[in-house]
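Below are some notes on the model you sent, set out point by point. Please read them with the structure open.

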Amino acid sequence: MSRKLELVVFDLDYTLWPFWVDTHVDPPFLKTSDGRIVDQTGRSIRLYNDVPQVLEELHKQGILMAAASRTGEVKGANQLLQLFSLDHYFSQKEIYPGCKVNHFQRIQQRNGIPYQNMMFFDDERQNITDVRPLGVTCVLVQNGMSLKILKEALEKFPQ
Ligand SMILES: [Mg+2]
C-alpha cells in the first residue's frame, strides 16, 4: 500500500508552547498594546520559537493540520491559538481530557484520512504509546517542536 502524508497532528502543551495551559499559566490571556501575549497576572506567554515557521512550512506543502490536546483548559488553549494567529492552520481541533486514541478516532471519522497517512507530534511518551498502534507515524518531541524535528520526520516518513 502506498502512503502519502496528508495530515499532521500536533499536541499543544510542551509541543507548541513550553507550559501546561491548565497549570503553569493563568487564563484568560490577552494581547498587549506592544503585541505581547500575557496571562491574567501579566506574565508573558510564548511559543517555541520555530512553531510559526513549522506550521507555515506544512501549509505551503499542502498538508492539513489538526490539534489534539488532553488539557482541561479548553477555553484557554483555544484562546492562545487565536492570539498567536495559529488558529487558521488547523482544520480541526480536538481539545478535551481523555485518552488520545479518542481524539484520533474523531479526527479520522471527520476527514476520512487513513491513519497511515497521518503524522503525530507529542512530548508525552504515553500518548505516543497509545496512538502508535492505530498506524499513525508518531514522533516524540523533546524541548518543543522545531524545524529540525519536522525536517527529520518528513524525511523519514515511509512512502
Ligand atoms: Mg504535551
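**Notes on the predicted model**

1. Strands E1 and E5 (residues 64-69) run parallel to each other and are joined by four bridges. Within this pairing, Phe10 has Ala67 of E5 as its bridge partner. Please keep in mind throughout that this is a predicted model.

2. E1 also pairs with E7, again in the parallel sense and over four bridges. Here Leu7 stands opposite Met118 of E7. In a regular strand, side chains point alternately to one face of the sheet and the other. Both faces of E1 are covered: Leu7 and Val9 lie on one side, Val8 and Phe10 on the other, and all are buried.

3. Met119 belongs to strand E7. With a relative accessible area of 0%, Met119 is buried, because the limit for that class is under 20%. Its C-alpha atom is 6.1 Å from that of Val9, although the two residues are 110 apart along the chain.

4. On to the next pairing of E7. E7 and E8 are parallel and share four bridges, and Met119 stands opposite Thr137 in E8. Between these two strands the chain passes through H4, and the resulting β-α-β crossover is right-handed.

5. Which residues coordinate the magnesium ion? The donors are Asp11 (OD), Asp13 (O) and Asp123 (OD), at 2.0 to 2.1 Å. Their spacing in sequence is D-x1-D-x109-D. Asp11 and Asp123 thus come from distant parts of the chain, 112 residues apart: Asp11 is in the loop between strand E1 (7-10) and strand E2 (30-31), and Asp123 is in the loop between strand E7 (118-122) and helix H4 (125-131).

6. The accessibility of these two donors should be stated separately. Asp11 has a relative accessible area of 6% and is buried. Asp123, at 22%, counts as partly exposed, because the buried class ends at 20% and the exposed class begins over 50%.

7. The loop between E1 and E2 has two backbone features to check. Tyr14, which lies in this loop, has phi near 65°, a positive value in a residue other than glycine. Tyr14 is partly exposed, with a relative accessible area of 27%. Pro28 is in the loop between E1 and E2 as well, and the peptide bond from Pro27 to Pro28 is cis, with omega near 0°.

8. A second loop, between E8 and H5, holds Asn143. Phi of Asn143 is near 65°, which is positive although the residue is not glycine. At a relative accessible area of 74%, Asn143 is exposed.

9. Is Gly144 buried or exposed? Gly144 is in the loop between E8 and H5, and its relative accessibility of 2% places it in the buried class. In space, the C-alpha atoms of Gly144 and Leu12 are 9.7 Å apart, while in sequence the two residues are separated by 132 residues.

10. E2, E3 and E4 make up an open sheet of three strands, in the order E2-E3-E4, with antiparallel pairing. E2 and strand E4 (44-45) are the edge strands; each has a single partner, so one side of each has no neighbour in the sheet. Strand E3 (residues 37-38) is joined to E4 by two bridges and runs antiparallel to it. Ile37 has Ile45 as its bridge partner in E4.

11. Last, the pockets. Rolling a probe the size of a water molecule over the atoms shows where empty space remains. The largest pocket has a volume of about 150 Å³. Strand E8 (137-140) and helix H5 (147-156) are the elements that each give two or more residues to its lining. H5 supplies the largest share, four residues.

12. Which residues line the largest pocket? They are Thr137, Cys138, Val139, Ile149, Glu152, Ala153, Lys156, Phe157 and Pro158. By class, the lining has six nonpolar, one polar and two charged residues. Thr137, named here as a lining residue, is also the residue that Met119 stands opposite in the pairing of E7 with E8.

Note on methods: Residues are numbered from 1 along each chain as its sequence is written. This is a predicted model: local features need pLDDT of at least 70, side-chain atom pairs count only at pLDDT 80 or more; totals for chains, interfaces and linings use all residues. Side-chain values use heavy atoms; hydrogens and water are left out. On a 1 Å grid over the protein atoms alone, a cavity is a set of points where a 1.4 Å probe fits but cannot get out, and a pocket is an open set with protein on both sides within 12 Å along at least five of seven lines; lining residues have an atom within 4 Å of a point. Grid points are joined across faces, edges and corners, and a volume is the space filled by probe spheres set on the points. Ala, Val, Leu, Ile, Met, Phe, Trp, Tyr, Cys and Pro count as nonpolar, Asp, Glu, Lys and Arg as charged, and the others, Gly among them, as polar. Donors are N, O and S atoms within 2.8 Å of the metal (3.2 Å for Na, K and Ca); water is not among the atoms, so sites may look incomplete. Buried means under 20% relative accessible area, exposed over 50%, partly exposed in between (1.4 Å probe, protein chains only). Two strands pair if DSSP finds at least two bridges between them. A crossover is right-handed if, with the strands pointing away from the viewer, the path from the first strand over the helix to the second runs clockwise.
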